[in-house]
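This report describes selected features of one protein chain, beginning with how its strands are arranged and going on to its interior and its surface. Please keep the sequence and the structure at hand while reading.

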Amino acid sequence: MIWDEKYECIPREELRKLQLERLQATVKRVYEQVPFYRKAFEERGILPEDIKSLEDVRKLPFTTKDDLRQNYPYGLFAVPLREVVRLHASSGTTGKPVVVGYTRRDLEIWTELVARMVTLAGVTQQDVAQIAFSYGLFTGGFGLHYGLERVGATVVPASGGNSEKQIMLMQDFGTTVLVSTPTYALYLAEVAEKMGVSPSSLGIRLGLFGGEPWTEEMRREIERRWGMKATDNYGLSEVLGPGVAGECQYTQGQHIAEDHFLVEVIDPETGEPLPWGEEGELVFTSLTKEAFPVIRFRTKDISVVTDEPCSCGRTTARMRKVTGRTDDMLIVRGVNVFPSQIESVLMEIDGLAPHYEIHVHKKGYLDELEVLVEVSEEKFSDRFRELEELERTIKQKLHAVLSINAQVRLVEPQTLARTTGKARRVFDHRKKEAQGQAG
(Lines give C-alpha, C1' and ligand atoms only; values in the text may rest on other atoms or scores of the structure.)
Protein backbone atom coordinates (compact mmCIF):
# COMPACT_ATOMS: atom_id res chain seq x y z
CA MET A 1 0.00 0.00 0.00
CA ILE A 2 1.19 3.52 -0.84
CA TRP A 3 -0.02 6.39 1.34
CA ASP A 4 0.58 9.31 -1.06
CA GLU A 5 1.07 8.00 -4.59
CA LYS A 6 1.21 11.49 -6.09
CA TYR A 7 4.51 12.27 -4.40
CA GLU A 8 5.93 8.85 -3.54
CA CYS A 9 5.76 7.76 -7.18
CA ILE A 10 6.39 11.15 -8.80
CA PRO A 11 8.58 11.11 -11.96
CA ARG A 12 12.04 12.29 -10.97
CA GLU A 13 12.17 15.19 -13.43
CA GLU A 14 8.91 16.48 -12.02
CA LEU A 15 10.29 15.98 -8.51
CA ARG A 16 13.42 18.01 -9.27
CA LYS A 17 11.28 20.86 -10.58
CA LEU A 18 9.18 20.79 -7.40
CA GLN A 19 12.30 20.68 -5.22
CA LEU A 20 13.80 23.71 -6.98
CA GLU A 21 10.64 25.75 -6.55
CA ARG A 22 10.49 24.90 -2.86
CA LEU A 23 14.23 25.44 -2.36
CA GLN A 24 14.07 28.91 -3.91
CA ALA A 25 11.09 29.85 -1.73
CA THR A 26 12.83 28.55 1.42
CA VAL A 27 16.09 30.36 0.68
CA LYS A 28 14.23 33.62 0.06
CA ARG A 29 12.28 33.25 3.29
CA VAL A 30 15.24 32.50 5.56
CA TYR A 31 17.21 35.37 3.98
CA GLU A 32 14.37 37.74 4.80
CA GLN A 33 13.28 36.32 8.17
CA VAL A 34 16.34 34.77 9.88
CA PRO A 35 19.24 37.15 10.66
CA PHE A 36 21.66 34.23 11.12
CA TYR A 37 21.11 33.03 7.55
CA ARG A 38 21.09 36.51 6.06
CA LYS A 39 24.50 37.18 7.60
CA ALA A 40 25.85 33.78 6.49
CA PHE A 41 24.63 34.37 2.92
CA GLU A 42 26.13 37.86 2.82
CA GLU A 43 29.47 36.57 4.05
CA ARG A 44 29.49 34.27 1.02
CA GLY A 45 28.22 36.94 -1.32
CA ILE A 46 25.04 34.96 -1.99
CA LEU A 47 21.58 36.34 -2.71
CA PRO A 48 18.38 34.26 -2.97
CA GLU A 49 18.15 34.95 -6.70
CA ASP A 50 21.53 33.23 -7.20
CA ILE A 51 19.83 29.86 -6.62
CA LYS A 52 18.85 28.93 -10.18
CA SER A 53 19.30 25.14 -10.03
CA LEU A 54 19.37 22.39 -7.41
CA GLU A 55 23.14 22.21 -7.81
CA ASP A 56 23.33 25.82 -6.63
CA VAL A 57 22.49 24.61 -3.12
CA ARG A 58 26.24 23.99 -2.86
CA LYS A 59 26.79 27.76 -2.84
CA LEU A 60 24.92 28.00 0.45
CA PRO A 61 26.59 27.64 3.88
CA PHE A 62 26.28 24.54 6.02
CA THR A 63 24.30 24.63 9.26
CA THR A 64 25.72 22.70 12.22
CA LYS A 65 24.37 21.70 15.59
CA ASP A 66 26.69 24.28 17.15
CA ASP A 67 24.97 26.99 15.08
CA LEU A 68 21.64 25.84 16.47
CA ARG A 69 22.88 25.83 20.05
CA GLN A 70 24.47 29.26 19.70
CA ASN A 71 21.11 30.65 18.59
CA TYR A 72 19.24 29.05 21.50
CA PRO A 73 16.32 29.13 21.94
CA TYR A 74 14.50 30.96 19.13
CA GLY A 75 17.25 32.59 17.07
CA LEU A 76 16.67 30.45 13.96
CA PHE A 77 12.88 30.62 13.92
CA ALA A 78 11.46 32.07 10.70
CA VAL A 79 8.05 33.00 12.15
CA PRO A 80 6.94 34.96 15.22
CA LEU A 81 6.52 32.85 18.36
CA ARG A 82 2.76 33.48 18.27
CA GLU A 83 2.61 31.27 15.15
CA VAL A 84 4.50 28.42 16.83
CA VAL A 85 2.10 25.88 18.37
CA ARG A 86 4.60 23.20 19.46
CA LEU A 87 8.17 23.14 20.75
CA HIS A 88 10.45 20.12 20.90
CA ALA A 89 14.10 19.91 21.89
CA SER A 90 17.07 17.57 21.85
CA SER A 91 18.39 16.09 25.07
CA GLY A 92 21.08 18.74 25.46
CA THR A 93 23.52 16.28 27.06
CA THR A 94 26.52 18.13 25.59
CA GLY A 95 25.33 21.68 26.21
CA LYS A 96 22.23 23.72 25.51
CA PRO A 97 19.49 21.68 23.83
CA VAL A 98 18.50 22.34 20.23
CA VAL A 99 15.01 23.84 20.26
CA VAL A 100 12.75 23.32 17.25
CA GLY A 101 9.32 24.80 16.58
CA TYR A 102 6.28 23.84 14.54
CA THR A 103 3.44 25.86 13.08
CA ARG A 104 0.04 24.23 12.59
CA ARG A 105 0.96 23.53 8.97
CA ASP A 106 4.28 22.02 10.09
CA LEU A 107 2.42 19.63 12.38
CA GLU A 108 0.04 18.67 9.59
CA ILE A 109 2.94 17.92 7.23
CA TRP A 110 4.76 16.00 9.98
CA THR A 111 1.70 13.85 10.63
CA GLU A 112 1.33 13.11 6.91
CA LEU A 113 4.99 12.16 6.53
CA VAL A 114 4.88 9.79 9.49
CA ALA A 115 1.68 8.28 8.06
CA ARG A 116 3.59 7.79 4.81
CA MET A 117 6.52 6.23 6.68
CA VAL A 118 4.51 3.74 8.75
CA THR A 119 2.48 2.75 5.68
CA LEU A 120 5.78 2.08 3.92
CA ALA A 121 6.61 -0.38 6.70
CA GLY A 122 3.24 -2.11 6.45
CA VAL A 123 1.07 -0.59 9.21
CA THR A 124 -2.69 -0.61 8.54
CA GLN A 125 -5.81 0.46 10.42
CA GLN A 126 -6.10 -3.11 11.67
CA ASP A 127 -2.98 -2.73 13.82
CA VAL A 128 -2.55 -1.98 17.50
CA ALA A 129 0.65 0.03 17.82
CA GLN A 130 2.42 0.29 21.18
CA ILE A 131 4.75 3.29 21.43
CA ALA A 132 7.60 2.63 23.86
CA PHE A 133 9.38 5.90 23.07
CA SER A 134 9.38 8.45 25.87
CA TYR A 135 6.88 11.26 25.44
CA GLY A 136 8.14 14.79 26.03
CA LEU A 137 10.57 17.14 24.32
CA PHE A 138 11.97 14.22 22.31
CA THR A 139 10.24 14.16 18.90
CA GLY A 140 9.92 10.37 18.61
CA GLY A 141 6.88 9.70 20.79
CA PHE A 142 4.58 12.45 19.55
CA GLY A 143 5.77 12.14 15.96
CA LEU A 144 4.90 8.45 15.69
CA HIS A 145 1.71 8.89 17.72
CA TYR A 146 -0.07 11.28 15.38
CA GLY A 147 1.13 9.57 12.21
CA LEU A 148 -0.10 6.17 13.40
CA GLU A 149 -3.44 7.64 14.33
CA ARG A 150 -3.68 9.23 10.87
CA VAL A 151 -3.48 5.82 9.17
CA GLY A 152 -6.18 4.52 11.54
CA ALA A 153 -4.08 2.28 13.77
CA THR A 154 -5.05 1.93 17.43
CA VAL A 155 -2.31 3.65 19.44
CA VAL A 156 -1.16 2.53 22.89
CA PRO A 157 0.91 5.48 24.26
CA ALA A 158 2.86 3.34 26.73
CA SER A 159 5.89 5.67 26.73
CA GLY A 160 9.30 4.38 27.81
CA GLY A 161 10.18 2.33 30.87
CA ASN A 162 8.07 0.15 33.20
CA SER A 163 9.07 -2.83 31.10
CA GLU A 164 7.01 -5.50 32.88
CA LYS A 165 3.93 -3.39 32.27
CA GLN A 166 4.90 -3.06 28.60
CA ILE A 167 4.70 -6.86 28.29
CA MET A 168 1.39 -6.93 30.15
CA LEU A 169 -0.08 -4.34 27.78
CA MET A 170 1.08 -6.36 24.78
CA GLN A 171 -0.70 -9.39 26.15
CA ASP A 172 -3.90 -7.62 27.20
CA PHE A 173 -4.30 -5.15 24.33
CA GLY A 174 -3.23 -7.45 21.49
CA THR A 175 -0.33 -5.27 20.35
CA THR A 176 0.77 -6.00 16.77
CA VAL A 177 3.29 -3.18 16.19
CA LEU A 178 6.11 -2.16 18.54
CA VAL A 179 7.66 1.33 18.33
CA SER A 180 10.94 1.79 20.20
CA THR A 181 14.69 1.94 19.89
CA PRO A 182 16.15 -1.38 18.71
CA THR A 183 18.14 -1.84 21.91
CA TYR A 184 14.99 -1.41 24.01
CA ALA A 185 13.23 -4.03 21.89
CA LEU A 186 15.98 -6.50 22.79
CA TYR A 187 15.73 -5.55 26.45
CA LEU A 188 11.95 -6.05 26.37
CA ALA A 189 12.56 -9.54 24.96
CA GLU A 190 14.76 -10.28 28.00
CA VAL A 191 12.10 -8.96 30.36
CA ALA A 192 9.41 -11.08 28.71
CA GLU A 193 11.54 -14.21 29.02
CA LYS A 194 12.17 -13.51 32.72
CA MET A 195 8.40 -13.26 33.15
CA GLY A 196 8.07 -16.69 31.56
CA VAL A 197 6.65 -15.23 28.34
CA SER A 198 8.07 -16.08 24.93
CA PRO A 199 8.35 -12.80 22.96
CA SER A 200 7.34 -14.60 19.77
CA SER A 201 4.08 -15.71 21.43
CA LEU A 202 2.90 -12.13 21.88
CA GLY A 203 1.80 -11.76 18.27
CA ILE A 204 3.78 -8.65 17.41
CA ARG A 205 4.25 -8.80 13.66
CA LEU A 206 6.07 -5.53 12.97
CA GLY A 207 8.66 -3.32 14.66
CA LEU A 208 9.23 0.35 13.83
CA PHE A 209 12.68 1.10 15.17
CA GLY A 210 14.76 4.26 15.18
CA GLY A 211 16.52 6.73 17.42
CA GLU A 212 19.98 5.14 17.14
CA PRO A 213 22.18 3.41 14.56
CA TRP A 214 21.83 -0.37 14.48
CA THR A 215 23.25 -3.11 12.34
CA GLU A 216 21.72 -5.77 10.11
CA GLU A 217 22.95 -8.32 12.62
CA MET A 218 20.88 -6.66 15.34
CA ARG A 219 17.89 -6.65 12.98
CA ARG A 220 18.19 -10.41 12.57
CA GLU A 221 18.50 -10.89 16.34
CA ILE A 222 15.35 -8.84 16.98
CA GLU A 223 13.44 -10.73 14.31
CA ARG A 224 14.61 -14.06 15.75
CA ARG A 225 13.64 -13.19 19.31
CA TRP A 226 10.27 -11.60 18.52
CA GLY A 227 9.21 -13.41 15.35
CA MET A 228 8.46 -10.01 13.80
CA LYS A 229 9.59 -8.01 10.79
CA ALA A 230 11.93 -5.29 12.05
CA THR A 231 12.03 -2.07 10.00
CA ASP A 232 14.25 0.96 10.26
CA ASN A 233 13.16 4.58 10.04
CA TYR A 234 15.08 7.82 10.08
CA GLY A 235 14.45 11.27 11.41
CA LEU A 236 16.10 13.96 13.44
CA SER A 237 14.68 16.84 15.43
CA GLU A 238 16.71 19.46 13.59
CA VAL A 239 15.10 18.54 10.27
CA LEU A 240 11.63 17.38 11.36
CA GLY A 241 11.63 14.35 13.66
CA PRO A 242 10.60 10.86 12.53
CA GLY A 243 9.18 10.84 9.02
CA VAL A 244 12.22 11.93 7.03
CA ALA A 245 12.73 8.39 5.66
CA GLY A 246 11.59 4.82 6.23
CA GLU A 247 11.85 1.30 4.86
CA CYS A 248 9.28 -0.38 2.64
CA GLN A 249 8.51 -4.12 2.73
CA TYR A 250 11.59 -4.90 0.62
CA THR A 251 13.97 -3.30 3.19
CA GLN A 252 16.38 -2.23 0.45
CA GLY A 253 17.00 1.20 1.94
CA GLN A 254 14.86 3.91 3.47
CA HIS A 255 12.74 6.00 1.12
CA ILE A 256 13.41 9.71 1.67
CA ALA A 257 10.52 12.19 1.56
CA GLU A 258 12.25 14.16 -1.18
CA ASP A 259 9.28 16.42 -1.82
CA HIS A 260 9.98 17.92 1.61
CA PHE A 261 13.75 17.49 1.99
CA LEU A 262 16.71 18.00 -0.33
CA VAL A 263 19.41 15.46 0.53
CA GLU A 264 23.13 15.65 -0.24
CA VAL A 265 26.04 13.36 0.58
CA ILE A 266 29.36 15.04 1.39
CA ASP A 267 32.89 14.07 2.32
CA PRO A 268 32.83 14.57 6.12
CA GLU A 269 36.43 15.78 6.12
CA THR A 270 36.36 18.30 3.26
CA GLY A 271 32.67 19.14 3.00
CA GLU A 272 32.82 18.52 -0.75
CA PRO A 273 29.78 16.87 -2.37
CA LEU A 274 29.99 13.19 -3.28
CA PRO A 275 28.04 11.43 -6.04
CA TRP A 276 25.16 9.28 -4.94
CA GLY A 277 26.30 5.72 -4.46
CA GLU A 278 29.35 6.76 -2.43
CA GLU A 279 29.44 6.63 1.35
CA GLY A 280 29.52 9.95 3.14
CA GLU A 281 27.78 12.30 5.57
CA LEU A 282 24.12 13.10 5.03
CA VAL A 283 23.14 16.77 4.64
CA PHE A 284 19.50 17.90 4.60
CA THR A 285 17.78 21.11 3.55
CA SER A 286 14.14 21.44 4.56
CA LEU A 287 11.85 22.55 1.73
CA THR A 288 8.49 23.09 3.43
CA LYS A 289 9.15 23.85 7.12
CA GLU A 290 7.66 27.16 8.23
CA ALA A 291 8.76 27.68 11.83
CA PHE A 292 12.23 26.15 11.74
CA PRO A 293 13.66 25.72 8.23
CA VAL A 294 17.27 24.56 8.00
CA ILE A 295 19.75 25.04 5.17
CA ARG A 296 22.27 22.27 4.49
CA PHE A 297 22.16 20.79 7.97
CA ARG A 298 25.13 18.49 8.63
CA THR A 299 23.69 15.44 10.33
CA LYS A 300 27.02 13.66 11.02
CA ASP A 301 25.21 10.44 10.01
CA ILE A 302 27.09 8.16 7.61
CA SER A 303 25.12 6.55 4.80
CA VAL A 304 24.79 5.97 1.05
CA VAL A 305 21.98 7.40 -1.13
CA THR A 306 20.70 5.96 -4.40
CA ASP A 307 17.88 6.84 -6.80
CA GLU A 308 17.80 3.42 -8.44
CA PRO A 309 14.21 2.11 -8.83
CA CYS A 310 12.79 0.14 -5.91
CA SER A 311 10.72 -3.02 -6.28
CA CYS A 312 7.84 -1.33 -4.42
CA GLY A 313 7.26 1.13 -7.27
CA ARG A 314 8.17 4.29 -5.37
CA THR A 315 10.51 6.68 -7.18
CA THR A 316 11.97 8.50 -4.18
CA ALA A 317 15.66 8.15 -3.39
CA ARG A 318 16.68 5.66 -0.74
CA MET A 319 19.30 5.88 1.96
CA ARG A 320 21.13 2.89 3.38
CA LYS A 321 20.71 2.20 7.07
CA VAL A 322 22.94 4.65 8.96
CA THR A 323 26.09 2.77 9.94
CA GLY A 324 27.46 5.32 12.36
CA ARG A 325 28.17 8.97 12.97
CA THR A 326 31.27 10.98 12.26
CA ASP A 327 31.33 12.06 15.91
CA ASP A 328 31.03 8.41 17.05
CA MET A 329 34.09 7.43 15.08
CA LEU A 330 37.07 6.58 17.27
CA ILE A 331 40.65 6.96 16.14
CA VAL A 332 42.63 4.29 17.94
CA ARG A 333 46.34 4.09 17.14
CA GLY A 334 45.67 5.90 13.88
CA VAL A 335 42.89 3.53 12.81
CA ASN A 336 39.29 4.70 12.26
CA VAL A 337 36.96 2.52 14.33
CA PHE A 338 33.16 2.69 14.15
CA PRO A 339 31.01 1.08 16.89
CA SER A 340 28.90 -0.51 14.15
CA GLN A 341 31.92 -2.55 13.04
CA ILE A 342 32.32 -3.97 16.52
CA GLU A 343 28.60 -4.65 16.87
CA SER A 344 28.56 -6.57 13.59
CA VAL A 345 31.32 -8.86 14.83
CA LEU A 346 29.72 -9.47 18.22
CA MET A 347 26.26 -10.19 16.82
CA GLU A 348 27.67 -12.91 14.57
CA ILE A 349 29.21 -14.91 17.44
CA ASP A 350 27.11 -17.55 19.19
CA GLY A 351 26.95 -17.35 22.95
CA LEU A 352 26.92 -13.54 23.28
CA ALA A 353 24.04 -11.36 24.41
CA PRO A 354 23.30 -8.25 22.29
CA HIS A 355 24.68 -5.91 24.95
CA TYR A 356 28.17 -4.46 24.92
CA GLU A 357 30.28 -1.43 25.80
CA ILE A 358 33.35 0.01 24.10
CA HIS A 359 35.98 1.69 26.28
CA VAL A 360 39.07 3.49 25.01
CA HIS A 361 41.92 4.15 27.44
CA LYS A 362 45.28 5.89 27.30
CA LYS A 363 48.01 3.61 28.65
CA GLY A 364 51.18 5.66 28.68
CA TYR A 365 51.56 6.85 25.09
CA LEU A 366 49.36 4.15 23.59
CA ASP A 367 45.62 3.87 23.08
CA GLU A 368 43.94 0.71 24.29
CA LEU A 369 40.58 -0.51 22.99
CA GLU A 370 38.53 -2.60 25.42
CA VAL A 371 35.24 -4.31 24.60
CA LEU A 372 32.92 -5.49 27.35
CA VAL A 373 30.29 -7.97 26.19
CA GLU A 374 27.72 -10.05 28.02
CA VAL A 375 27.66 -13.82 27.71
CA SER A 376 24.16 -15.11 26.94
CA GLU A 377 22.12 -16.89 29.62
CA GLU A 378 22.29 -20.16 27.68
CA LYS A 379 26.06 -20.08 27.24
CA PHE A 380 27.13 -18.67 30.59
CA SER A 381 29.47 -21.12 32.27
CA ASP A 382 31.90 -21.14 35.17
CA ARG A 383 34.29 -23.29 33.16
CA PHE A 384 37.26 -21.04 32.58
CA ARG A 385 38.49 -22.83 29.47
CA GLU A 386 35.21 -22.26 27.60
CA LEU A 387 35.18 -18.55 28.42
CA GLU A 388 38.83 -18.22 27.49
CA GLU A 389 38.17 -19.78 24.08
CA LEU A 390 35.20 -17.45 23.51
CA GLU A 391 37.34 -14.42 24.35
CA ARG A 392 40.03 -15.60 21.95
CA THR A 393 37.47 -16.00 19.15
CA ILE A 394 36.13 -12.47 19.68
CA LYS A 395 39.63 -10.98 19.70
CA GLN A 396 40.55 -12.73 16.46
CA LYS A 397 37.39 -11.63 14.66
CA LEU A 398 37.71 -8.04 15.89
CA HIS A 399 41.32 -7.90 14.71
CA ALA A 400 40.31 -9.20 11.28
CA VAL A 401 37.81 -6.35 10.91
CA LEU A 402 39.56 -3.49 12.72
CA SER A 403 43.23 -4.33 12.03
CA ILE A 404 44.09 -3.53 15.65
CA ASN A 405 44.09 -5.64 18.79
CA ALA A 406 41.28 -5.15 21.28
CA GLN A 407 41.09 -6.29 24.87
CA VAL A 408 37.92 -8.33 25.40
CA ARG A 409 36.23 -8.80 28.75
CA LEU A 410 33.27 -11.17 29.08
CA VAL A 411 30.78 -10.22 31.77
CA GLU A 412 27.87 -12.08 33.32
CA PRO A 413 24.33 -11.79 31.90
CA GLN A 414 22.40 -8.68 33.01
CA THR A 415 25.63 -6.89 34.03
CA LEU A 416 25.66 -3.98 31.57
CA ALA A 417 23.26 -1.06 31.87
CA ARG A 418 19.92 -1.16 30.03
CA THR A 419 18.04 1.88 28.78
CA THR A 420 14.58 2.65 27.41
CA GLY A 421 16.04 5.22 25.04
CA LYS A 422 19.23 5.58 23.05
CA ALA A 423 21.87 3.15 24.27
CA ARG A 424 25.23 4.57 25.29
CA ARG A 425 27.85 2.21 23.89
CA VAL A 426 31.07 4.22 23.70
CA PHE A 427 33.17 5.53 26.60
CA ASP A 428 36.34 7.39 25.63
CA HIS A 429 38.44 7.91 28.75
CA ARG A 430 41.59 9.20 27.04
CA LYS A 431 41.18 12.92 27.65
CA LYS A 432 40.49 12.45 31.35
CA GLU A 433 43.34 9.97 31.73
CA ALA A 434 45.77 12.26 29.91
CA GLN A 435 44.82 15.13 32.26
CA GLY A 436 45.39 12.83 35.21
CA GLN A 437 48.84 11.86 33.96
CA ALA A 438 49.72 15.50 33.34
CA GLY A 439 48.63 16.37 36.86
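Two strands are said to pair if DSSP finds at least two bridges between them. By that criterion strand 12 and strand 15, which are joined by two bridges, form an antiparallel pair, and this holds for a model that is predicted.

## The open sheet

Four strands make up an open sheet in the order 10-11-12-15, and their pairing is antiparallel. Strand 10 (261–266) and strand 15 (324–325) are the edge strands, each of them pairing on one side only.

Going through the sheet in order, strand 10 is joined to strand 11 by six bridges, the two running antiparallel, and across this pair Glu264 stands opposite Val283 in strand 11. Strand 11 (residues 280–286) is in turn paired with strand 12 (residues 297–303) in the antiparallel sense, over four bridges. Here Val283 faces Arg298 of strand 12 as its opposite residue, while Glu281 has Ile302 in strand 12 as its bridge partner. At the pairing of strand 12 with strand 15, Asp301 stands opposite Arg325 in strand 15.

The two strands that lie between the edges can also be described by their cover. Strand 11 is mostly covered, with seven of its seven residues buried, and strand 12 is likewise mostly covered, with five of its seven residues buried.

## The nonpolar cores

The largest nonpolar core holds 70 residues, and those with the most contacts inside it are Val118, Val123, Leu144, Leu148, Leu208, Tyr234 and Phe284. Helix 5 (residues 104–121) supplies the largest share of this core, namely nine residues. Apart from this core lies another one, of 23 residues, which includes Leu330, Val332, Val337 and Leu398. As a general background, nonpolar side chains in soluble globular proteins tend to be buried together.

What does Val118 touch, when residues up to four places away in sequence are not counted? The contacts of Val118 are Val123, Leu144, Gly147, Leu148, Val151 and Leu208.

## Buried positions in strand 5 and helix 9

Ser180 lies in strand 5 (residues 177–180). Ser180 counts as buried because its relative accessible area is 0%, and the cut-off for that term is under 20%. With neighbours within four places in sequence left aside, Ser180 is in contact with Ala132, Phe133, Ala185, Leu208, Phe209 and Gly210. Leu208 therefore appears both in this list and among the contacts of Val118, with contact meaning heavy atoms within 4.5 Å.

In helix 9 (residues 216–226), the buried residues include charged as well as nonpolar names, among them Glu217, Arg219, Glu221 and Arg225 together with Met218, Ile222 and Trp226. Just after helix 9, Gly227 takes a positive phi of about 70 degrees.

## A nonpolar patch on the surface

Tyr74, Leu81 and Leu87 make a nonpolar surface patch of about 250 Å². Of these residues, Leu81 is found in the loop between helix 4 (65–70) and strand 1 (86–89).

Is Leu81 buried, partly exposed or exposed? Leu81 counts as partly exposed, because its relative accessibility is 42%, a value that falls between the limits of 20% for buried and 50% for exposed.

Note on methods
Residues numbered from 1 in each chain as written. Predicted model: local features only at pLDDT ≥ 70, side-chain atom pairs only at ≥ 80, totals over all residues. Heavy atoms only, no water. Patch = residues over 30% accessible without salt bridge, like charges linked within 9 Å, V, L, I, M, F, W, Y side chains within 5 Å. Areas by Shrake-Rupley, 256 points an atom, 1.4 Å probe, with all protein chains shown as cover. Salt bridge = Lys/Arg side-chain N within 4 Å of Asp/Glu carboxyl O. Buried < 20%, exposed > 50% of the residue type's maximum accessible area, 1.4 Å probe, protein only. Core = buried A, V, L, I, M, F, W, Y, C linked by side-chain atoms within 4.5 Å.
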